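The following note is offered to a colleague meeting this structure for the first time. Please read the points beside the sequence and the model.

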Amino acid sequence: MLQSQNRSQNSHVRIWILCLILFLSVVAYADRSILSISGSAIKDEFGLSAIQLGLILSAFSWAYVIGQIPGGLFLDRFGTKKVYGVTLALWSVSTILMGFVGEFSTGMTMALTLMFVLRFALGLIEAPSFPANARTVIMWFPGAERGRASSLFASAQYFAVAIFSPLSGWLVSRYGWEWPFFVLGGIGVVAVFVWAWYMRSPKQHPHVSENELHYIEQGGALVDIDAAQTLKARPPLSKAMFKTLLSNRMLWCAYLGQYCIIALSYFFITWFPIYLVQARGMNIMEAGFATIAPALFGFLGGISGGYISDKLLARGWSLSWARKAPYIVGMLMAASLVLAAIIPTNTGIIAIMSFAFFGKGVAAGAGTWTIVSDTAPKEAVGLAGAIFNGIGNMAGFITPLLFGVIVGLTGSYSIGLVFVGAHCIVAALLFLLVMGPIERVGDEQQTSAGTYKSQGENHASKPFNVLLKGPLLPQRLQDNLDAHFTTFRLWQQDDSEAWLAEHGSQIDALVTSGNALMGASAALIAQLPNLKVICSNGVGYDAIDIAAAETRGIVVTNTPGVLNSCVADTGMALMLDVARRISAADRYVRAGSWQSQGRYPLTTKVGGKVCGIVGLGGIGKALAKRAQAFDMDIHFYNPRSRPDVPYQRHDSLLSLAKQADFLVLTIPGGAATHHLINAEVLRALGPQGFLINIARGSVVDEQALIAALEASEIAGAGLDVFEQEPAVPAALRQRDDVVITPHLASSTIETMAAMADLVFENLLAFSQGEAVLTRVVSR
């Protein structure tokens, strides 16, 4: 009964799932780091040398690396909930047992052995945790939200250090070194029951609404990844794929880059607190609190790195440099930690470490797991991630061990700091000088100049080579294209002109959209001499040179019909909003003006008014039906007569504008309609009339519109499209009689999915020699 009630309501279960895996990740990282807080007390109690303590500190990572690929196989075989739950229980028990080492050991050798075995067991048991987090995100989150979700659980190390380092320092000082292990192990045991109670797959979760389930499914979430049939149908391991992943220069630079990031992380959670106690004279509790600032700055850097990288990509940087530039700069910032060797004050050390770990966070946020997502072969994302994480985490045992050897042999922590800082310089140079372009690895996605020929030979069974002009939404469209064709991403090339010059002749199909940022110009079409079809993900095609395509006999398709309903909804919403001043009234209340200035001014009704539609196509007719429901009188202007509708037709646009209370634009863009709505039409609309544009920004002369609004020649405007998107003139943004939206008329989950399917069906039909479903022809 509870499930059926929840299914009809909105829900945000995925957010709570994310909070849960973030909590479990914090516990996991805290389990790894608390030994560093207790390390000095353990060293003193059992008489361990620096090298022996380094051996214990490294034990976790030996096993963690060994357990990566087996852990991934367990996840694929038994599913996320079972494996994560069992491992969480076992690692909590292992943590608790660490606190009892003193009770069972009779000397230093026994203590050393028990601690090493327990830390080794902890690493082996925790190996599936990070892949399990990734599987949970893939299961629960649409593609548009996965980056943010992944960045949060990936930042768990910083939360763990910030929260548990001071807590552990206090517990050691007050009760003894054993108590951090008891407390954290107990928290882990409780977490087992929370996980078992709340974790479900989306389709089985009792609190997920139909709306949320539909949203994450349509956004590309693999909601059935833990279904019994999916687990049984897992693909076999491929030796060829192992060879590919272990012989690629670009991937090896990514592996080593992750290794250097992990080296810094493990220095921080193992030897850094010990360094503060033994070399800088802090007590254990002070050292615990001293780690908070660098941890928080590391977290902020991680979030910033991903944000900066995405911004650079959005501004036209190539994928390679959008990922590599923040990584290189961040690692050079991180190298500043060597200055701790010469800074005299503890405050100065904390400041330089905060700066260094902010840089390390930037590098990690932009250039580690994001690169795996960008480059891993589609059929081996899990295997690529396991190798990446395994090689990277070798630093977890090598760094603490070598740091301990350096300190033990030289007696100098300064040399150890130089050793850690050298990782940063090496990583930056690898990304700058050795890595080369960041591109998808594997036969299906290979886009480098040197491998194009072999790709075509290996995939002769695939029908077409398809060029994607830019990113396409939703993700399922790109996934479908990748699965059925040999695809190439033009926006990811460092030099798109050079790439087209070398490879343009092998392209059979172009997938783009009709907006100004994408399209298909005559120049681009000319660079693709064997192009056969252009598929546009959208109904508008004014940015596609239809004449140039038809001259060459190239078929052009678009996606009409599927977005009529949502665009018409937006047109109706803009009419209601601008007439009744909904958005302006909302701002009035939020600003406190209702209380200070009293009643909001009177507005204009919509019902019973004349709705004048310019261009009575599919969208126009859908809008007319909605307007009729508001008792509006429907008039229209259309180049061709429409005897199939009962509405009043006008022979001229000026005639319609004079009659209309709301002039709604639903016509295509392009040269034929450029600035169709000019000063004369706006004057005809009159001071009681509203302009609604859900067509193209080029249809309206924006300067004439601004002048008409400022002179009160029209009553207002509702605009979803603009001449120079995404730039919107300040003169429009600042007016309460103008409602503006960011070209979102068709931007719904349902419409985007339907458009994506139609693009794919058109391309698939053409590639199989069949007629396309929705061909564009000259007007």
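**Helix packing and one capped helix**

1. Helix 3 and helix 22 run roughly antiparallel to each other, a term for angles over 145 degrees. The model is predicted, with local features requiring pLDDT of at least 70 and side-chain atom pairs pLDDT 80 or more, while totals for chains, interfaces and linings use all residues. Residues are numbered from 1 along each chain as its sequence is written, and side-chain values use heavy atoms, without hydrogens and water.

2. Helix 3 (residues 50-66) packs on helix 22 (residues 395-410) at about 170°, the axes being 7 Å apart. In this contact (heavy atoms within 4.5 Å), residues of helix 3 including Gly54, Ser58 and Trp62 meet residues of helix 22, among them Phe397, Pro400 and Gly404. By class, 10 are nonpolar, six polar and none charged.

3. Helix 5 (residues 80-98) and helix 11 (residues 179-198) pack at about 160°, with axes 8 Å apart. This makes helix 5 roughly antiparallel to helix 11. Their contact comprises 13 nonpolar, seven polar and one charged residues. Among the participants are Lys81, Tyr84 and Leu88 in helix 5, and Phe181, Val189 and Trp195 in helix 11.

4. Helix 35 (residues 702-710) has as its buried residues (under 20% relative accessible area, 1.4 Å probe, protein chains only) Glu702, Ala704, Leu705, Ile706, Ala708 and Leu709. These pack against helix 34, strand 10, strand 11, helix 36 and strand 12.

5. At the N-terminal end of helix 35, Asp701 acts as a cap, with a side-chain oxygen 3.2 Å from the backbone nitrogen of Gln703. Just after helix 35, Ser712 adopts a positive phi of about 60°.

Conventions: Axes fitted to C-alpha atoms, helices over the stretch in contact; angles between N-to-C directions. Helix = DSSP H or I, 4+ residues; strand = E, 2+ residues; numbered from the N terminus. Parallel < 35°, antiparallel > 145°, perpendicular 65-115°, else oblique. Nonpolar A, V, L, I, M, F, W, Y, C, P; charged D, E, K, R; others polar. Buried < 20%, exposed > 50% of the residue type's maximum accessible area, 1.4 Å probe, protein only. Polar contact = N/O pair within 3.5 Å; in protein donor to acceptor, adjacent residues only side chain to side chain.
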